[in-house]
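Please work through the exercises below with the structure at hand. Each task is followed by a worked solution.

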Protein chains: 2
Amino acid sequence: MSADRRNDKGMFEAAEVGQKISKAEFDRSAAELRIQLLQSQQALRSAAFPLIVVVAGVDGGGKSETVKVLNEWLDPRHISTHAYASPSQEERERPEFWRYWRDLPAAGSIGVFLSSWYSTPILDRVHRRSGRSKFEYRLRRIADFEKALADDGALIVKLWFHLSRKAQKQRLKTLESDPTQRWRVSDRDWRHYELYERFVEAAERAIMQTSTAAASWCIIEGADPRYRNLTAMRQLHSALEQRFEQERRQRPTVAVDTTLSPEIPTDRESQHSNGQRTILSALDLELDINKKAYNSALAKQVARLDGLFRRARQQSLGTIVLFEGWDAAGKGGAIRRLLSGLDPRDYQVIPIAKPSDEEAAHHYLWRFWRHLPRSGRLTIFDRSWYGRVLVERVEGFARQAEWRRAFAEINDFEDQLVQHGLVVAKFWLQISKDEQLRRFEERAQTPFKAWKLTDEDWRNREKWEAYELAVNEMVERTSTHDAPWTLVEANSKRYARVKVVRTVCDALATRLGD
Amino acid sequence: MSADRRNDKGMFEAAEVGQKISKAEFDRSAAELRIQLLQSQQALRSAAFPLIVVVAGVDGGGKSETVKVLNEWLDPRHISTHAYASPSQEERERPEFWRYWRDLPAAGSIGVFLSSWYSTPILDRVHRRSGRSKFEYRLRRIADFEKALADDGALIVKLWFHLSRKAQKQRLKTLESDPTQRWRVSDRDWRHYELYERFVEAAERAIMQTSTAAASWCIIEGADPRYRNLTAMRQLHSALEQRFEQERRQRPTVAVDTTLSPEIPTDRESQHSNGQRTILSALDLELDINKKAYNSALAKQVARLDGLFRRARQQSLGTIVLFEGWDAAGKGGAIRRLLSGLDPRDYQVIPIAKPSDEEAAHHYLWRFWRHLPRSGRLTIFDRSWYGRVLVERVEGFARQAEWRRAFAEINDFEDQLVQHGLVVAKFWLQISKDEQLRRFEERAQTPFKAWKLTDEDWRNREKWEAYELAVNEMVERTSTHDAPWTLVEANSKRYARVKVVRTVCDALATRLGD
């Protein structure tokens, strides 16, 4: 950015021209717009997506007043408004975005976010608590977050209320002179005013880096309340109507997009199915361990885990272990062994099956964010977010575009876990098709295990090859340095169990600096 | 309790006899019991109720070890284990039982509670932080809590692990001498040991007052791990099997219980339907206010509420306002006026319709506990827990026994809200049957209001008299000093809105000491 550029108004120029609307014009336009907005909100109620409204801008720009108008005009029963102060203890124990995920609106409803995910990054930059590159990094994270939501269908409207330096001063003075409004102005507001230039610079950068096709900013001059409110409401209305219109027009295109992947194998997939050596096929499923060695190795690793985990607890280190694998691969047994030395107060097992209806009304990662462990705890996912690129992909529950972008979304999600300090261990339990058949038959014949075997297991088995392709691609695309996959040779349950417990121990030991 | 009584062992006598089980006997019994327990757990998975296991007892009694065994024997994927330390900030901002409600298991699963709702009351008594009557009061609250859960179907098993004073000392010494176990013994444990007599006294009282038919205590000698674990597991197994057996036998009885109330009117109800003067019929629905007076009165009350609410926020005073009323009685409009002066960041509106599937798998009050406001905030319930004694009663979604006991459950729930310091305002919006018809027809004819009118509204209208009976009984039974009903004459929307806002103001003003 050149010095010249700094001197002019940049992207905010258009929002300092003194836009005003007369009361007569406002009343005329508002009456009609209000009914239209109510109708849009009503249409949204039965839509399959939520509306996310981010409201930000300079102090005194009228953010909370406009949000108030929004709640007055629309039916407030289906709007939730959120603002964030310093994180609570429970929030601090999770990754930064946990609290925002918690509050995301369900399909059909409206979530309004004030002092949202933009607030801390911008203020940290203004007060020079973070440098330029940290700031850029956080902005990228925000863009990724919003992209994931928008890709999932969320309609995102971002309103930035701007005031010129002069207008901000005037606004603060006016508020202060009104005894009923004076409380709105704090010392903090005046301190921010002193930092106006820095604030505008950081805001400009934030807006530039996060104005994406899916979630673009609308900059609104905040000085005149009538202009500001009417413009904001028009923006919301047109965003909703555009979206409805787009859905009406795009229906045929969406249908094409629902094609299941196994029917259009990519080059990579064709290779796999041509019997080439793949990640899974390279595993030596003959690996075994005799009973005596198993007992002693398992006991040793379980005791080791107990000690490591206690140290992890003391250091407030949280752990996530997830299990994926073929039906009957032995996930349940491995989980039981893994937990056998631990105190049940310290862990939680989350079995992942069909989402509840609340979960289904949110982004598919929402249900996992819900269950992130507090510091010093362990959460086991028995099946996980990888369902998106496994069962949902193969069974066609997710469209191709959905599961394809899931690789990046998942890497981003896990990156946030790791950045927050969590230890992440991911296991794929691999058995051969023959071994699975043997286990199915054994289950069918053992009365007290028969319930474990369902028709679905047999159906899934028929799609073995499609699943194999999906697993190989999953491992290739989501095995990262900090959250690597461990492929477990599980034809021998004993071998698999020891490997699982040892791997978790090693991951903890590494993190603890052993 | 006589001095003699104090000298003997009281209810714990049987748990100090030195029960032991040999390893051979344990192995023999355990092998079989384990399979049986797994089968019971499997049967539970598809049952309509949860299993709640409370584990308590003297320090060193083996609580956490047995919970560990429980998690090893059973499938840990459907067990959640909870222990509670000092409440977090988020927990402190809600009534004491909020955190326990949050963690209650859903139907089909098992929740294990260590250092649960018994822990603080007993320890407060031991350390003389609470007197005898406070202690008794808290025990009654616990008994009510467990009764409400059991009445709703939860199976509650409470295990108390006892050690004699001598055995406790021995146990602590043994743990300390084992380098791998030493960490289990804290100074706190030794301090508790010093207070053994007091602890046993408080425990005895707690067990006596909370051993109800629905949730009785099982006292188990804790000294020998094999005896303790086997006895605990047997207890769980037999409780589950008894319950399954009972359900098989009781099916016909349950069918009788599903009779809808309107078909067997009580004396009270017959009176009402005989056209006698009732609470509702006594309202003067002609009350009205002209437009000018309305505008000025509403503006005044809205401004008053703004000021009062800001003070409430400063004083961390939370508020709950709930609305019930006939279809088209004007709840939405009243809510909008009530909120019009407030900052949307400070309130949340919870519209109550059909429960989500997670909500349906819990006690009917669970979904309301979820949404209790933090300190200084306002939560509006648009319809509420009173659905139990209104729509669920009239439509037969709740059995007679269920809605009959709901009056006490609701009073208890609201008492907890009030005790915690929340201001609770409850509104019934009353309109005449003719006025409802007029509004339905108006809605049907106004294009942008037509969506508000559903077939269900017409169907509900046909049951006007049954609803009237239910409303009268609800108000009579649940209008308490601290959480009174306000009946709002709502044939005039203007009159109703002003009355609602004024009533909330008055409630806040009273609490703020104006």
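The exercises concern a predicted model.

**Exercise 1. The overall form of chain A**

Task: State how many helices and strands there are in chain A, and what its C-alpha trace spans along the principal axes.

Solution.
Step 1. Chain A holds 22 helices and ten strands.
Step 2. The span of its C-alpha trace along the principal axes is about 85 × 55 × 45 Å.
Step 3. Chain A has 514 residues, of which 39% count as buried.
Step 4. Consider the contacts in chain A between residues at least 6 apart in sequence: 82% of them join residues at least 24 apart.

**Exercise 2. The two domains of chain A**

Task: Which elements supply residues to the side of domain 1 of chain A that touches domain 2 of chain A?

Solution.
Step 1. Begin with the bounds: domain 1 of chain A covers 3-245, and domain 2 covers 268-511.
Step 2. The centres of these two domains, taken over C-alpha atoms, are separated by 41 Å.
Step 3. Where the domains meet, 14 residues of domain 1 of chain A are in contact with 16 residues of domain 2 of chain A.
Step 4. On the domain 1 side, helix H5 (98-103) and helix H7 (132-151) of chain A each supply at least two residues.
Step 5. H7(A) gives the most to this side, with four residues.
Step 6. By character, the residues of this side of domain 1 are nine nonpolar, no polar and five charged.

**Exercise 3. The relation between the chains**

Task: What rotation and what shift superpose chain A on chain B?

Solution.
Step 1. In general, two copies of a chain are related by a rotation about an axis and a shift along it.
Step 2. Here the rotation is 180° and the shift along its axis is 0.0 Å, with an RMSD of 0.0 Å.
Step 3. This is therefore the relation of a two-fold axis.
Step 4. The same surface serves both copies, as 97% of the contact residues of chain A recur in chain B.
Step 5. To find the axis from chain A, look for Asp357(A), whose C-alpha comes closest to it among the residues of that chain, at 3.1 Å.

**Exercise 4. The side of chain A that touches chain B**

Task: Which element gives the largest share of the side of chain A that touches chain B?

Solution.
Step 1. Between the chains, 39 residues of chain A are in contact with 39 residues of chain B.
Step 2. Several elements of chain A each supply at least two residues of this side, among them helix H3 (63-73), strand E2 (79-83), helix H14 (331-339) and helix H15 (357-360).
Step 3. The largest share, five residues, comes from H3(A).
Step 4. The side of chain A that touches chain B divides into 14 nonpolar, 13 polar and twelve charged residues.

**Exercise 5. The surroundings of Arg45(A)**

Task: Is Arg45(A) buried, partly exposed or exposed?

Solution.
Step 1. Arg45(A) belongs to helix H2 (residues 23-45) of chain A.
Step 2. A residue is buried if 20 or more other C-beta atoms lie within 10 Å of its own, and exposed if 12 or fewer do.
Step 3. Arg45(A) has 14 other C-beta atoms within 10 Å, so it is partly exposed.
Step 4. Leaving aside neighbours within four places in sequence, Arg45(A) is in contact with His78(A) and Gly108(A).
Step 5. Arg45(A) and Ala107(A) are 62 residues apart in sequence, yet their C-alpha atoms are 7.8 Å apart in space.

**Exercise 6. Two serines with positive phi**

Task: Where in chain B do Ser115(B) and Ser316(B) lie?

Solution.
Step 1. Ser115(B) lies in the loop between strand E3 (110-114) and helix H6 (119-126) of chain B.
Step 2. Phi of Ser115(B) is near 35°, a positive value in a residue other than glycine.
Step 3. With 17 other C-beta atoms within 10 Å, Ser115(B) is partly exposed.
Step 4. Ser316(B) lies in the loop between helix H13 (291-314) and strand E6 (319-325) of chain B, and its phi is near 60°, also positive.
Step 5. Ser316(B) has 12 other C-beta atoms within 10 Å and is therefore exposed.

**Exercise 7. The largest nonpolar core**

Task: Why does the largest nonpolar core lie between domain 1 and domain 2 of chain B?

Solution.
Step 1. This core has 121 residues, and those that touch the most other members include Val53(B), Leu429(B) and Ala470(B).
Step 2. Helix H22 (residues 493-511) of chain B provides the largest share, eight residues.
Step 3. Domain 1 (11-247) and domain 2 (278-511) of chain B both give residues to this core, so it lies between them.

Note on methods:
Residues numbered from 1 in each chain as written. Chains lettered and ligands numbered in written order. Predicted model: local features only at pLDDT ≥ 70, side-chain atom pairs only at ≥ 80, totals over all residues. Least-squares fit on C-alpha atoms with pLDDT ≥ 70 in both. Contact = placed C-beta atoms within 7 Å. Domains from an automatic or database assignment. Nonpolar A, V, L, I, M, F, W, Y, C, P; charged D, E, K, R; others polar. Core = buried A, V, L, I, M, F, W, Y, C linked by C-beta atoms within 7 Å.
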